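Thanks for coming, everyone. I'll keep this brisk. Have a look at the structure first, and then we'll walk through it.

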Amino acid sequence: MSRLAVEISEAGYGPVTVLRDVELEVPEGGRLVILGANGAGKTSILRTISGLCRVSGSIRWGDAELVGAPPYRVAAAGIAHVPQGRGTFGDLTVRENLLVGGATRQRRTALADADRWLERFPRLGERASRAASGLSGGEQQLLAIARALMSAPRLLLLDEPSLGLAPKITVELFATLDELCAETGTAMLLVEQNAELALGIAEQAVILESGRITIRGPAAELRDNDDVRRAYLGV
Ligand SMILES: Nc1ncnc2c1ncn2[C@@H]1O[C@H](COP(=O)(O)OP(=O)(O)O)[C@@H](O)[C@H]1O
Ligand SMILES: [Mg+2]
């Protein structure tokens, strides 16, 4: 079983507390989106799950407790993090970036999987031997997601994948993400400012304000909620 159950009492950086009483759950293969303004603490939630923040509370992943686990253990347990700003290695080739994502797997499996992704996404395939820095923003985001999937995770943590992308590219990227997660049964914990698109592919949603969850419910319900519409959908 790979269900994520987060019960953060407090989390932050050194003496700075950023999150308080944050409870959320991603069922196996499920999809949850976290919406919230800049500075609300969205990135910090993902960083806390990945073992990068000071935290008190509990983060259960199946039968395992992740609080206190170092980042490599969280990754090895099947949780892949696509950080805000993508974090691809510009100096490495597209193929090398994929292989970094598959570093924990057998070399032969990683090579075969990298080929599979390069075939699946011809835009990346055509550029397999070129430096990742030459890719467009949308291609880099796709590469970051494919790199995360190279570890065959059961849960993807995605931090604002639409950041800096043109609206048309974002729509395409979300369609791809939807398809990939459905195909592989990978669960998704998505942080986004593009509420319209995110609520479209998520099942459940929470709204984070100043480090606390203020609204939660099925994504379709939040889409119809007047407060949410005014604050996050611009209508
Ligand atoms: N390394 C850090 N040290 C101290 N405070 C931080 C650090 N990173 C982020 N913060 C603070 O935590 C709060 C939440 O930030 P963040 O999680 O990045 O929000 P969001 O992703 O929603 O924009 C902000 O007030 C930010 O200034
Ligand atoms: Mg952020």
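Let's start at ligand 1. A backbone N or O atom of Ala40 sits 3.2 Å from an oxygen atom of ligand 1. Keep in mind that this is a predicted model. Two more backbone contacts belong here. Gly39 has a polar backbone atom 2.7 Å from an oxygen of ligand 1. For Gly41, the distance from a polar backbone atom to a ligand 1 oxygen is 3.0 Å. How much of ligand 1 does the protein bury? Taken alone, ligand 1 exposes 560 Å², and the protein buries 59% of that.

Now the shell around ligand 1. Its residues are Tyr13, Val18, Ala37, Asn38, Gly39, Ala40, Gly41, Lys42, Thr43 and Ser44. By class, that is four nonpolar, five polar and one charged. Which element gives the most to this shell? Helix 1 does, with three residues.

Next, the metal. Ligand 2 is a magnesium ion, and its protein donors are Thr43, through OG1, and Gln84, through OE1. They lie 2.0 to 2.2 Å from the ion. Thr43 belongs to helix 1, residues 42–49, while Gln84 is in the loop between strand 6 (79–82) and helix 3 (94–101), so the pair ties together parts that are 41 residues apart in sequence. Thr43 also appears in the shell around ligand 1. Are these donors buried or exposed? Thr43 is partly exposed, at 24% relative accessible area. Gln84 is partly exposed as well, at 37%. One reminder on the donor list: water is not among the atoms, so the site may look incomplete.

Stay with that loop for a moment. Arg86 also lies between strand 6 and helix 3. What is the phi of Arg86? About 75 degrees, so to speak on the positive side, although Arg86 is not a glycine. Most residues other than glycine have a negative phi. Arg86 is buried, with a relative accessible area of 13%.

A second positive phi turns up at Ala152, at about 50 degrees, and Ala152 is not a glycine either. Ala152 is in the loop between helix 6 and strand 7, residues 155–159. Its relative accessibility is 44%, which counts as partly exposed.

On to charges. Side chains of opposite charge can pair when their charged atoms come close. How many salt bridges does a search of the whole structure find? It finds 15. I'll take three of them.

Take Glu139 and Arg123. Their closest N and O atoms are 2.3 Å apart. Glu139 is in helix 6, residues 137–149, and Arg123 is in helix 5, residues 122–125, so the bridge ties together parts 16 residues apart in sequence. Glu139 is buried, at 7% relative accessible area, whereas Arg123 is partly exposed, at 46%. Salt bridges with shared partners join Arg123, Glu126, Arg127 and Glu139 into one network.

Then Glu179 and Arg120. Here the closest N and O atoms are 2.6 Å apart. Glu179 lies in helix 7, residues 167–184, and Arg120 in helix 4, residues 107–120, so this pair ties together parts that are 59 residues apart in sequence. Both ends are partly exposed: Glu179 at 43%, Arg120 at 28%.

And Glu65 with Arg60. The closest N and O atoms of this salt bridge are 3.8 Å apart. Glu65 counts as partly exposed, at 29% relative accessibility. Arg60 is partly exposed too, at 33%.

Last, two buried residues in helices. Asn97 is in helix 3. Its relative accessibility is 0%, so it counts as buried. What does the side chain of Asn97 contact? One of its polar atoms lies 2.8 Å from the backbone nitrogen of Phe89.

Phe174 is in helix 7. Phe174 is buried, with a relative accessible area of 1%. Phe174 and Leu197 are 23 residues apart along the chain, and their C-alpha atoms are separated by 7.4 Å.

To wrap up, please keep two spots in view. One is the magnesium ion, with Thr43 and Gln84 as its protein donors. The other is the network of Arg123, Glu126, Arg127 and Glu139. That's it from me.

Key: Residues numbered from 1 in each chain as written. Chains lettered and ligands numbered in written order. Predicted model: local features only at pLDDT ≥ 70, side-chain atom pairs only at ≥ 80, totals over all residues. Heavy atoms only, no water. Donors = N, O, S within 2.8 Å, 3.2 Å for Na, K, Ca; no water. Helix = DSSP H or I, 4+ residues; strand = E, 2+ residues; numbered from the N terminus. Buried < 20%, exposed > 50% of the residue type's maximum accessible area, 1.4 Å probe, protein only. Salt bridge = Lys/Arg side-chain N within 4 Å of Asp/Glu carboxyl O. Near = heavy atom within 4 Å. Polar contact = N/O pair within 3.5 Å; in protein donor to acceptor, adjacent residues only side chain to side chain. Areas by Shrake-Rupley, 256 points an atom, 1.4 Å probe, with all protein chains shown as cover. Nonpolar A, V, L, I, M, F, W, Y, C, P; charged D, E, K, R; others polar.
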